[in-house]
Amino acid sequence: IISLDKALPTTDKTGKTLEDYFEFTVSGNITGDANINYEISAKEQEGNTFDGNNVKLYLTRVTDNGEEEVMAPEIYNEESNANSFTGRPAGEMSLYTSSMNSSESNTYRLRMYVTEEYNPQGDGGNKTFSVKVNVYGRDGEIPTAVDTLLAKVNDETLDYNTATEEQQKEMWTFSHPSTEQTEALTDYRYIGSNPNNYVEFNNELWRIIGIFTVDDGTGNVEERVKLIRDESIGDYSWNNNSFSGDWVTASLNNFLNSGDYWTNSLDSNAKNMVDNVVWYLGGSSTSTDVTPSMFYERERGTEVFAGDISFIGKVGLMYPSDYGYATSGGSTTDRNSCLNEGLGADGWNNVSDCYNNDWIFNQNFQWTITPRSSNSNLIFDVGRSGSISGFAVSLSNSVRPVVFLKSTIKIVGGDGSGSNSYVLQS
(Lines give C-alpha, C1' and ligand atoms only; values in the text may rest on other atoms or scores of the structure.)
Protein backbone atom coordinates (compact mmCIF):
# COMPACT_ATOMS: atom_id res chain seq x y z
CA ILE A 1 0.00 0.00 0.00
CA ILE A 2 1.23 3.52 -0.82
CA SER A 3 -0.62 6.44 0.78
CA LEU A 4 -0.94 10.22 0.70
CA ASP A 5 -1.92 11.94 3.95
CA LYS A 6 -2.48 15.70 4.16
CA ALA A 7 -0.33 16.16 1.04
CA LEU A 8 -0.05 19.52 -0.70
CA PRO A 9 -0.12 20.16 -4.47
CA THR A 10 3.18 19.36 -6.19
CA THR A 11 4.61 20.06 -9.65
CA ASP A 12 5.67 17.18 -11.90
CA LYS A 13 9.28 18.36 -11.66
CA THR A 14 9.21 18.04 -7.87
CA GLY A 15 7.00 14.95 -7.79
CA LYS A 16 9.41 13.00 -10.01
CA THR A 17 12.24 13.52 -7.49
CA LEU A 18 10.38 12.87 -4.21
CA GLU A 19 12.46 10.92 -1.71
CA ASP A 20 9.28 9.36 -0.32
CA TYR A 21 8.58 6.47 -2.71
CA PHE A 22 7.48 2.84 -2.68
CA GLU A 23 10.26 0.50 -3.91
CA PHE A 24 9.50 -3.07 -4.95
CA THR A 25 11.06 -5.82 -7.06
CA VAL A 26 9.56 -8.01 -9.78
CA SER A 27 11.53 -11.21 -10.37
CA GLY A 28 11.07 -14.51 -12.09
CA ASN A 29 12.82 -17.85 -12.18
CA ILE A 30 12.29 -19.21 -15.68
CA THR A 31 13.57 -22.37 -17.32
CA GLY A 32 13.17 -23.65 -20.85
CA ASP A 33 11.51 -21.46 -23.47
CA ALA A 34 8.71 -20.07 -21.27
CA ASN A 35 7.76 -16.42 -21.51
CA ILE A 36 6.06 -14.40 -18.77
CA ASN A 37 3.95 -11.37 -19.64
CA TYR A 38 3.58 -9.18 -16.56
CA GLU A 39 1.90 -5.92 -15.67
CA ILE A 40 2.27 -3.54 -12.74
CA SER A 41 -0.97 -1.88 -11.68
CA ALA A 42 -2.46 0.23 -8.90
CA LYS A 43 -5.87 -0.09 -7.26
CA GLU A 44 -7.53 2.65 -5.21
CA GLN A 45 -8.38 1.49 -1.70
CA GLU A 46 -11.69 1.79 0.12
CA GLY A 47 -12.07 4.61 2.60
CA ASN A 48 -10.17 7.25 0.61
CA THR A 49 -11.35 10.79 1.30
CA PHE A 50 -9.48 12.40 -1.60
CA ASP A 51 -10.42 12.20 -5.30
CA GLY A 52 -8.01 10.21 -7.49
CA ASN A 53 -8.59 12.70 -10.31
CA ASN A 54 -6.26 15.00 -8.40
CA VAL A 55 -3.51 12.43 -7.87
CA LYS A 56 -0.60 11.55 -10.17
CA LEU A 57 1.49 8.36 -10.15
CA TYR A 58 5.04 8.13 -11.52
CA LEU A 59 6.98 4.87 -12.04
CA THR A 60 10.71 4.38 -12.60
CA ARG A 61 13.04 1.39 -12.84
CA VAL A 62 16.25 1.34 -10.82
CA THR A 63 19.39 1.01 -12.97
CA ASP A 64 23.13 1.01 -12.36
CA ASN A 65 23.12 4.69 -13.27
CA GLY A 66 20.15 5.70 -11.12
CA GLU A 67 16.56 5.56 -12.34
CA GLU A 68 14.88 5.43 -15.75
CA GLU A 69 11.30 6.50 -16.37
CA VAL A 70 8.92 3.71 -17.42
CA MET A 71 5.68 5.64 -16.89
CA ALA A 72 5.46 9.42 -17.12
CA PRO A 73 3.34 11.16 -14.46
CA GLU A 74 -0.29 10.12 -15.03
CA ILE A 75 -3.56 10.99 -13.29
CA TYR A 76 -5.01 7.99 -11.46
CA ASN A 77 -7.31 6.28 -13.94
CA GLU A 78 -8.74 2.77 -13.84
CA GLU A 79 -8.82 0.62 -16.98
CA SER A 80 -12.29 -0.36 -18.13
CA ASN A 81 -11.05 -3.55 -19.81
CA ALA A 82 -9.02 -6.46 -18.44
CA ASN A 83 -5.71 -7.50 -20.02
CA SER A 84 -5.88 -11.15 -20.99
CA PHE A 85 -2.17 -11.29 -21.80
CA THR A 86 -1.06 -10.46 -18.25
CA GLY A 87 -4.09 -11.40 -16.18
CA ARG A 88 -4.74 -7.88 -14.93
CA PRO A 89 -8.45 -7.44 -14.20
CA ALA A 90 -10.53 -4.43 -15.15
CA GLY A 91 -10.88 -1.63 -12.61
CA GLU A 92 -7.18 -1.04 -11.93
CA MET A 93 -4.73 1.52 -13.25
CA SER A 94 -2.11 0.02 -15.57
CA LEU A 95 1.33 1.38 -14.77
CA TYR A 96 3.70 -0.72 -16.89
CA THR A 97 3.63 -3.87 -19.04
CA SER A 98 6.65 -5.98 -19.95
CA SER A 99 7.76 -9.60 -20.36
CA MET A 100 10.49 -12.00 -19.28
CA ASN A 101 11.87 -14.95 -21.22
CA SER A 102 14.72 -15.69 -18.81
CA SER A 103 15.34 -15.47 -15.08
CA GLU A 104 15.67 -11.81 -14.17
CA SER A 105 14.88 -9.22 -11.54
CA ASN A 106 13.82 -5.58 -11.88
CA THR A 107 13.41 -3.03 -9.08
CA TYR A 108 10.86 -0.25 -9.47
CA ARG A 109 10.00 2.93 -7.55
CA LEU A 110 6.50 4.37 -7.46
CA ARG A 111 5.91 7.98 -6.47
CA MET A 112 2.49 9.50 -5.88
CA TYR A 113 1.55 13.14 -5.35
CA VAL A 114 -1.26 15.70 -5.56
CA THR A 115 -1.41 17.59 -8.87
CA GLU A 116 -0.30 21.21 -8.88
CA GLU A 117 -3.68 22.27 -10.32
CA TYR A 118 -5.54 21.21 -7.17
CA ASN A 119 -6.60 24.04 -4.86
CA PRO A 120 -6.63 22.80 -1.24
CA GLN A 121 -8.38 25.86 0.14
CA GLY A 122 -11.75 24.97 1.56
CA ASP A 123 -11.31 21.19 1.45
CA GLY A 124 -11.19 20.89 5.23
CA GLY A 125 -7.78 19.21 5.31
CA ASN A 126 -6.94 15.73 6.61
CA LYS A 127 -7.57 14.18 3.17
CA THR A 128 -6.12 10.73 2.43
CA PHE A 129 -5.63 8.64 -0.69
CA SER A 130 -4.17 5.14 -0.91
CA VAL A 131 -3.53 2.61 -3.66
CA LYS A 132 -2.44 -0.99 -3.55
CA VAL A 133 0.32 -1.97 -5.96
CA ASN A 134 -0.28 -5.27 -7.76
CA VAL A 135 1.79 -7.28 -10.23
CA TYR A 136 0.04 -9.77 -12.51
CA GLY A 137 1.85 -12.32 -14.64
CA ARG A 138 0.83 -14.99 -17.11
CA ASP A 139 3.00 -17.37 -19.05
CA GLY A 140 2.59 -17.71 -22.79
CA GLU A 141 3.61 -16.28 -26.11
CA ILE A 142 4.26 -12.57 -26.42
CA PRO A 143 1.17 -11.10 -28.15
CA THR A 144 1.54 -9.56 -31.57
CA ALA A 145 1.87 -5.80 -31.90
CA VAL A 146 -1.66 -5.72 -33.29
CA ASP A 147 -3.08 -7.49 -30.23
CA THR A 148 -1.01 -5.40 -27.80
CA LEU A 149 -2.24 -2.13 -29.29
CA LEU A 150 -5.84 -3.23 -29.77
CA ALA A 151 -6.02 -4.03 -26.05
CA LYS A 152 -5.73 -0.28 -25.43
CA VAL A 153 -8.01 1.03 -28.19
CA ASN A 154 -10.83 3.44 -27.38
CA ASP A 155 -14.44 2.72 -28.26
CA GLU A 156 -15.88 4.58 -31.24
CA THR A 157 -18.55 6.19 -29.05
CA LEU A 158 -16.05 7.80 -26.65
CA ASP A 159 -15.76 11.58 -27.07
CA TYR A 160 -12.18 12.85 -27.21
CA ASN A 161 -12.95 15.96 -25.17
CA THR A 162 -14.35 13.94 -22.24
CA ALA A 163 -11.73 11.18 -22.38
CA THR A 164 -8.95 10.94 -19.81
CA GLU A 165 -5.43 12.01 -20.71
CA GLU A 166 -4.39 8.36 -20.86
CA GLN A 167 -7.25 7.46 -23.20
CA GLN A 168 -6.47 10.40 -25.48
CA LYS A 169 -2.98 9.01 -26.01
CA GLU A 170 -4.20 5.66 -27.39
CA MET A 171 -5.87 4.62 -30.66
CA TRP A 172 -9.41 5.49 -31.70
CA THR A 173 -11.92 3.43 -33.65
CA PHE A 174 -13.23 4.48 -37.09
CA SER A 175 -15.80 2.54 -39.11
CA HIS A 176 -16.00 3.00 -42.89
CA PRO A 177 -18.61 1.92 -45.47
CA SER A 178 -17.61 -0.15 -48.48
CA THR A 179 -15.82 1.55 -51.39
CA GLU A 180 -15.25 0.59 -55.01
CA GLN A 181 -12.12 -1.36 -54.02
CA THR A 182 -12.77 -2.41 -50.40
CA GLU A 183 -15.46 -3.90 -48.21
CA ALA A 184 -16.83 -2.08 -45.17
CA LEU A 185 -13.90 -1.89 -42.75
CA THR A 186 -12.97 -0.69 -39.28
CA ASP A 187 -9.56 0.78 -38.59
CA TYR A 188 -7.84 2.18 -35.50
CA ARG A 189 -5.88 5.44 -35.57
CA TYR A 190 -3.86 7.68 -33.28
CA ILE A 191 -5.15 11.25 -33.09
CA GLY A 192 -4.18 14.48 -31.36
CA SER A 193 -1.04 16.58 -31.18
CA ASN A 194 1.18 14.00 -29.47
CA PRO A 195 -0.28 10.52 -28.86
CA ASN A 196 1.69 7.52 -27.60
CA ASN A 197 2.57 6.22 -31.08
CA TYR A 198 6.38 6.45 -31.13
CA VAL A 199 8.25 3.32 -32.20
CA GLU A 200 11.84 2.28 -32.87
CA PHE A 201 12.19 1.01 -36.43
CA ASN A 202 15.31 0.82 -38.61
CA ASN A 203 17.23 2.31 -35.64
CA GLU A 204 15.17 5.47 -36.19
CA LEU A 205 12.14 7.08 -34.64
CA TRP A 206 8.93 6.27 -36.52
CA ARG A 207 5.28 6.70 -35.53
CA ILE A 208 2.28 4.43 -35.75
CA ILE A 209 -0.56 5.75 -37.92
CA GLY A 210 -2.79 2.92 -36.74
CA ILE A 211 -4.00 -0.62 -37.42
CA PHE A 212 -5.62 -1.39 -40.76
CA THR A 213 -7.11 -4.37 -42.55
CA VAL A 214 -4.96 -4.88 -45.66
CA ASP A 215 -4.58 -7.28 -48.59
CA ASP A 216 -1.04 -8.56 -49.14
CA GLY A 217 -1.60 -8.75 -52.88
CA THR A 218 -2.40 -12.46 -52.93
CA GLY A 219 -5.89 -12.21 -51.46
CA ASN A 220 -4.71 -12.83 -47.89
CA VAL A 221 -6.41 -10.18 -45.72
CA GLU A 222 -5.22 -9.38 -42.20
CA GLU A 223 -4.78 -6.56 -39.70
CA ARG A 224 -1.39 -4.85 -39.70
CA VAL A 225 0.34 -1.93 -37.97
CA LYS A 226 1.02 1.04 -40.28
CA LEU A 227 4.13 3.17 -39.62
CA ILE A 228 5.33 6.54 -40.91
CA ARG A 229 8.82 7.91 -40.39
CA ASP A 230 8.82 10.67 -37.77
CA GLU A 231 10.97 12.97 -39.90
CA SER A 232 11.36 13.40 -43.64
CA ILE A 233 14.19 11.62 -45.44
CA GLY A 234 14.60 14.74 -47.61
CA ASP A 235 12.92 16.56 -50.48
CA TYR A 236 12.26 14.57 -53.67
CA SER A 237 10.22 14.86 -56.83
CA TRP A 238 7.18 12.61 -56.87
CA ASN A 239 7.93 11.71 -60.48
CA ASN A 240 10.84 13.08 -62.50
CA ASN A 241 10.47 10.39 -65.16
CA SER A 242 7.44 12.04 -66.77
CA PHE A 243 4.47 14.23 -65.92
CA SER A 244 2.42 11.20 -64.96
CA GLY A 245 0.63 10.99 -61.61
CA ASP A 246 0.66 7.17 -61.70
CA TRP A 247 2.44 5.83 -58.60
CA VAL A 248 3.29 2.55 -60.36
CA THR A 249 5.67 4.33 -62.76
CA ALA A 250 6.72 7.18 -60.44
CA SER A 251 10.42 7.78 -59.74
CA LEU A 252 9.70 8.16 -56.02
CA ASN A 253 8.08 4.72 -55.95
CA ASN A 254 11.15 3.23 -57.61
CA PHE A 255 13.46 5.04 -55.16
CA LEU A 256 11.54 3.77 -52.11
CA ASN A 257 10.84 0.19 -53.19
CA SER A 258 13.80 -0.91 -55.30
CA GLY A 259 16.21 2.00 -55.49
CA ASP A 260 18.65 3.63 -53.11
CA TYR A 261 16.28 4.00 -50.16
CA TRP A 262 15.30 0.33 -50.03
CA THR A 263 18.82 -0.86 -50.82
CA ASN A 264 20.90 1.40 -48.61
CA SER A 265 18.68 3.18 -46.05
CA LEU A 266 16.78 0.25 -44.51
CA ASP A 267 18.74 -2.33 -42.50
CA SER A 268 18.12 -6.04 -42.87
CA ASN A 269 16.06 -6.25 -39.68
CA ALA A 270 13.70 -3.50 -40.85
CA LYS A 271 13.32 -5.12 -44.27
CA ASN A 272 12.39 -8.42 -42.62
CA MET A 273 9.67 -6.70 -40.56
CA VAL A 274 7.66 -5.40 -43.53
CA ASP A 275 5.87 -7.06 -46.41
CA ASN A 276 3.80 -6.28 -49.49
CA VAL A 277 0.35 -4.72 -49.24
CA VAL A 278 -2.10 -3.29 -51.75
CA TRP A 279 -1.82 0.51 -51.88
CA TYR A 280 -4.96 2.14 -53.29
CA LEU A 281 -4.35 4.85 -55.89
CA GLY A 282 -7.78 6.34 -56.44
CA GLY A 283 -7.84 10.12 -56.80
CA SER A 284 -10.08 13.11 -56.27
CA SER A 285 -10.98 15.84 -58.74
CA THR A 286 -10.95 18.54 -56.08
CA SER A 287 -9.20 19.50 -52.86
CA THR A 288 -11.83 21.93 -51.55
CA ASP A 289 -14.63 21.07 -49.14
CA VAL A 290 -13.39 17.49 -48.93
CA THR A 291 -13.70 15.65 -45.61
CA PRO A 292 -11.42 12.83 -44.44
CA SER A 293 -14.23 10.31 -44.95
CA MET A 294 -14.75 11.52 -48.52
CA PHE A 295 -11.01 11.28 -49.18
CA TYR A 296 -10.99 7.77 -47.70
CA GLU A 297 -13.67 6.72 -50.19
CA ARG A 298 -11.98 8.36 -53.17
CA GLU A 299 -8.55 6.93 -52.33
CA ARG A 300 -10.11 3.48 -52.57
CA GLY A 301 -12.14 4.40 -55.64
CA THR A 302 -11.39 4.01 -59.34
CA GLU A 303 -11.32 7.66 -60.44
CA VAL A 304 -7.89 8.43 -61.95
CA PHE A 305 -6.77 10.66 -64.81
CA ALA A 306 -4.77 7.79 -66.27
CA GLY A 307 -2.90 4.78 -64.95
CA ASP A 308 -3.40 2.27 -62.19
CA ILE A 309 -5.89 2.21 -59.33
CA SER A 310 -3.73 0.07 -57.03
CA PHE A 311 -0.14 -1.03 -56.47
CA ILE A 312 1.46 -3.93 -54.59
CA GLY A 313 4.62 -2.99 -52.71
CA LYS A 314 6.36 -2.59 -49.37
CA VAL A 315 6.94 1.17 -49.08
CA GLY A 316 4.50 3.96 -49.83
CA LEU A 317 3.32 7.33 -48.57
CA MET A 318 0.47 8.51 -46.37
CA TYR A 319 -3.03 9.11 -47.70
CA PRO A 320 -4.75 12.49 -47.32
CA SER A 321 -7.28 10.70 -45.10
CA ASP A 322 -4.48 9.59 -42.75
CA TYR A 323 -3.70 13.25 -42.14
CA GLY A 324 -7.37 14.22 -41.91
CA TYR A 325 -8.35 11.59 -39.35
CA ALA A 326 -5.32 12.32 -37.13
CA THR A 327 -6.68 15.58 -35.68
CA SER A 328 -8.35 15.88 -32.28
CA GLY A 329 -9.62 19.43 -32.74
CA GLY A 330 -8.85 21.80 -29.92
CA SER A 331 -10.06 24.54 -27.63
CA THR A 332 -12.20 26.31 -30.24
CA THR A 333 -12.91 23.49 -32.70
CA ASP A 334 -13.96 19.98 -31.76
CA ARG A 335 -12.85 16.95 -33.73
CA ASN A 336 -16.06 16.62 -35.74
CA SER A 337 -15.97 20.28 -36.71
CA CYS A 338 -12.48 19.76 -38.10
CA LEU A 339 -13.70 16.83 -40.16
CA ASN A 340 -16.62 18.88 -41.43
CA GLU A 341 -14.32 21.76 -42.39
CA GLY A 342 -12.74 19.53 -45.02
CA LEU A 343 -9.11 19.44 -46.10
CA GLY A 344 -9.12 21.91 -48.98
CA ALA A 345 -7.56 25.34 -49.31
CA ASP A 346 -10.68 26.84 -47.69
CA GLY A 347 -10.74 24.29 -44.89
CA TRP A 348 -8.05 23.45 -42.36
CA ASN A 349 -5.74 26.37 -43.05
CA ASN A 350 -8.47 28.61 -41.61
CA VAL A 351 -8.90 26.49 -38.49
CA SER A 352 -5.60 26.37 -36.59
CA ASP A 353 -7.01 24.00 -33.95
CA CYS A 354 -7.37 21.35 -36.67
CA TYR A 355 -3.77 21.16 -37.81
CA ASN A 356 -2.12 22.23 -34.56
CA ASN A 357 -3.75 19.20 -32.91
CA ASP A 358 -2.74 16.79 -35.68
CA TRP A 359 0.49 14.88 -35.01
CA ILE A 360 1.16 14.34 -38.74
CA PHE A 361 1.33 18.10 -39.44
CA ASN A 362 4.90 19.42 -39.24
CA GLN A 363 4.97 22.76 -41.10
CA ASN A 364 6.60 21.21 -44.18
CA PHE A 365 5.12 20.39 -47.57
CA GLN A 366 4.59 16.62 -47.42
CA TRP A 367 3.81 14.28 -50.31
CA THR A 368 0.88 11.88 -50.17
CA ILE A 369 0.38 8.92 -52.50
CA THR A 370 -2.96 10.20 -53.88
CA PRO A 371 -3.32 11.89 -57.32
CA ARG A 372 -5.62 14.61 -58.55
CA SER A 373 -7.91 12.72 -60.90
CA SER A 374 -8.68 15.87 -62.90
CA ASN A 375 -5.05 16.53 -63.83
CA SER A 376 -2.38 14.16 -65.10
CA ASN A 377 0.52 15.63 -63.13
CA LEU A 378 -0.86 16.86 -59.80
CA ILE A 379 -0.51 14.98 -56.50
CA PHE A 380 -2.08 15.94 -53.19
CA ASP A 381 0.26 17.23 -50.52
CA VAL A 382 -0.09 18.49 -46.95
CA GLY A 383 0.87 22.16 -46.99
CA ARG A 384 2.64 24.35 -44.48
CA SER A 385 -0.67 26.06 -43.74
CA GLY A 386 -2.32 22.75 -42.83
CA SER A 387 -4.42 22.39 -45.98
CA ILE A 388 -4.45 19.71 -48.67
CA SER A 389 -3.79 20.84 -52.23
CA GLY A 390 -2.46 19.63 -55.57
CA PHE A 391 1.28 19.89 -56.35
CA ALA A 392 3.13 19.18 -59.60
CA VAL A 393 4.85 15.78 -59.69
CA SER A 394 8.12 17.23 -61.00
CA LEU A 395 8.55 19.58 -58.02
CA SER A 396 10.11 18.58 -54.69
CA ASN A 397 8.36 17.98 -51.36
CA SER A 398 9.42 16.28 -48.15
CA VAL A 399 9.06 12.50 -48.06
CA ARG A 400 8.05 10.46 -45.01
CA PRO A 401 8.09 6.75 -45.99
CA VAL A 402 5.19 4.57 -44.84
CA VAL A 403 5.27 0.79 -44.29
CA PHE A 404 3.03 -1.95 -42.91
CA LEU A 405 4.58 -4.34 -40.38
CA LYS A 406 4.10 -8.07 -40.79
CA SER A 407 1.24 -9.36 -38.64
CA THR A 408 3.69 -11.51 -36.63
CA ILE A 409 5.75 -8.58 -35.32
CA LYS A 410 5.61 -8.08 -31.53
CA ILE A 411 6.07 -5.17 -29.14
CA VAL A 412 8.54 -6.17 -26.43
CA GLY A 413 9.18 -2.88 -24.68
CA GLY A 414 8.27 0.78 -24.27
CA ASP A 415 4.94 2.51 -23.83
CA GLY A 416 4.81 4.51 -27.07
CA SER A 417 5.61 7.86 -25.47
CA GLY A 418 8.25 10.14 -26.91
CA SER A 419 10.67 9.30 -24.11
CA ASN A 420 9.94 5.53 -24.14
CA SER A 421 9.05 4.48 -27.68
CA TYR A 422 7.76 1.00 -28.48
CA VAL A 423 10.40 -1.66 -29.18
CA LEU A 424 9.67 -4.19 -31.93
CA GLN A 425 10.71 -7.81 -32.31
CA SER A 426 10.32 -10.19 -35.25
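Here is a short conversation about a pocket and a disulfide in this predicted model.

Biologist: Happy to start with the pocket! Which element gives the largest share of the lining of the second largest pocket?

Modeller: Good place to begin. Helix 7 (292-299) and helix 9 (335-341) each supply at least two residues of that lining, and so does one strand. With five residues, the largest share comes from strand 10.

Biologist: How much space lies in the second largest pocket?

Modeller: Let's place the pocket before giving its volume. The lining has 24 residues, and those nearest the centre are T173, F174, R335, N336 and L339. The space in this second largest pocket is about 390 Å³.

Biologist: And how many residues of the lining of the second largest pocket are charged?

Modeller: The lining can be sorted into three classes. Nine of its residues are nonpolar and nine are polar. The charged residues number six.

Biologist: Thanks! Now to the cysteines: how many disulfides does the count come to?

Modeller: A pair of cysteine sulfur atoms within 2.5 Å counts as a disulfide. The sulfur atoms of C338 and C354 are 2.2 Å apart, and the two form a disulfide. The pair links distant parts of the chain, with C338 in helix 9 and C354 in helix 10 (residues 352-356), 16 residues apart. The count comes to one.

Biologist: Are C338 and C354 buried or exposed?

Modeller: Buried here stands for under 20% relative accessible area. By that cut-off, both C338 and C354 are buried.

Biologist: Last one: what is the handedness of the link of C338 and C354?

Modeller: Look at the angle about the S-S bond, which is -105°. With that value, the link of C338 and C354 is left-handed.

Technical notes
Residues numbered from 1 in each chain as written. Predicted model: local features only at pLDDT ≥ 70, side-chain atom pairs only at ≥ 80, totals over all residues. Heavy atoms only, no water. 1 Å grid on protein atoms, 1.4 Å probe; cavity = no way out; pocket = protein on both sides within 12 Å on 5 of 7 lines; lining within 4 Å. Points joined across faces, edges and corners; volume = space filled by probe spheres on them. Helix = DSSP H or I, 4+ residues; strand = E, 2+ residues; numbered from the N terminus. Nonpolar A, V, L, I, M, F, W, Y, C, P; charged D, E, K, R; others polar. Buried < 20%, exposed > 50% of the residue type's maximum accessible area, 1.4 Å probe, protein only.
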